[in-house]
Amino acid sequence: KTGASVPQIRATGSARLDALRRPPSTRQRIALRVRLQGGDPRPLVLYLPTNFGCYGRALADQAGLPDVSYFELQQRILRLFADHPTVRLIYKTLNCSNALANPIPEFIRQEIPNGKAIDSPPASQLIWAVDAIILDHPLTALSEALLTAKRMVVYYARVNDPDLDPPEAVALLRRRALVAETPEEFACLVEELLQVGDFSELDSPDNEYLRAYCTHLDDGHSAERAAKAILSLRDSGAQKASRV
């Protein structure tokens, strides 16, 4: 409408990520790790996928990976674990009510003897109990994993949209994790992670990507900022109404 105020976007951060930054207690983390290990002392590498698309749509269209390429990509990466029996794979399935069935758990049972697919607990708990993390997308689970100091490999498939895919995002993420932009590079980086076998936590992980796209000021006060922004809009609306 003529004279209407222009909408403004206000960065507040994520109250959920602020809460997740406070990890489970040491006792809880140890208990979960013991359960995941099942008496096996080998390092645990967590693979966090996205879903296989929705009914009537292409496999994994949410991450910009059409057709069956996402299934083939996962097969290629997971086979690397069979070549490195000194580590164990934990594949966290993503439960989505309208997603296509995930064929990867059966693939792991048949071809990856040092791998296991699990439905629970959620990724937000698993990230604290494993030794390294692999993601094949830059979606929600990435922001959760970045809260830790774990070594990470991330496949960042470009979607060619400057609004959804800022050109500076990959540059910032590379300061924190090993980042691949092609399937070939992704396979090489995962192979490097498994071959080197250094699963020690980072002393001072870079949080610039986290601040830029997830937590804003990274100070734990996202909910307060959001509340203040809402109240400011309410007060502004009340003042305009009083002048009418």
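How many aromatic pairs does the structure hold? This is a predicted model, and the structure holds three aromatic pairs. Two of these pairs, Tyr47 with Tyr91 and Tyr209 with Tyr213, are described below, followed by the helices α2 and α3.

**Aromatic pairs**

- A pair of aromatic rings is described by the distance of the centres and the angle of the planes.
- Tyr47 and Tyr91 form a stacked pair, with 5.6 Å from centre to centre and 25 degrees between the planes.
- Because Tyr47 belongs to strand β1 (residues 44–48) and Tyr91 to strand β2 (residues 88–92), this pair ties together parts that are 44 residues apart in sequence.
- Both members of this pair, Tyr47 and Tyr91, are buried.
- The ring centres of Tyr209 and Tyr213 are 5.0 Å apart and their planes stand at 50 degrees, so this pair counts as tilted.
- Tyr209 and Tyr213 both lie in helix α9 (residues 208–215), where they are four residues apart, or about one turn of the helix.
- An α-helix has 3.6 residues a turn, so residues three or four places apart point the same way.
- Tyr209 has a relative accessibility of 7% and therefore counts as buried, whereas Tyr213, with a relative accessible area of 33%, is partly exposed.

**Helix α2**

- Helix α2 (residues 26–37) has twelve residues, which should span 16 Å at 1.5 Å a residue, and this agrees with its end C-alpha atoms, which are 16 Å apart.
- The buried residues in α2 are Leu32, Leu36 and Gln37, and because they fall within an arc of 130 degrees when seen down the helix axis, they line one face of α2.
- On the other side of α2, the residues Arg27, Ile30 and Arg35 are exposed.
- The partners against which the buried residues of α2 pack are β1, β2, β3 (115–118) and α5 (123–126).
- Just after α2 comes Gly38, which takes a positive phi of about 55 degrees.

**Helix α3**

- Helix α3 (residues 69–82) has 14 residues and reaches 21 Å from its first C-alpha to its last, which is close to the 20 Å expected at 1.5 Å a residue.
- The buried residues of α3 are Tyr70, Leu73, Gln74, Gln75, Ile77, Leu78, Leu80 and Phe81.
- These buried residues of α3 are covered by elements that include the strands β1, β2, β4 (132–135) and β5 (151–155), together with the helices α4 (104–111) and α8 (183–196).

Conventions: Residues numbered from 1 in each chain as written. Predicted model: local features only at pLDDT ≥ 70, side-chain atom pairs only at ≥ 80, totals over all residues. Heavy atoms only, no water. Phe/Tyr/Trp six-rings, centres within 6.5 Å; stacked < 30°, edge-to-face > 60°. Helix = DSSP H or I, 4+ residues; strand = E, 2+ residues; numbered from the N terminus. Buried < 20%, exposed > 50% of the residue type's maximum accessible area, 1.4 Å probe, protein only. Expected span 1.5 Å × (residues − 1). Contact = heavy atoms within 4.5 Å. Arc of directions from axis to C-beta.
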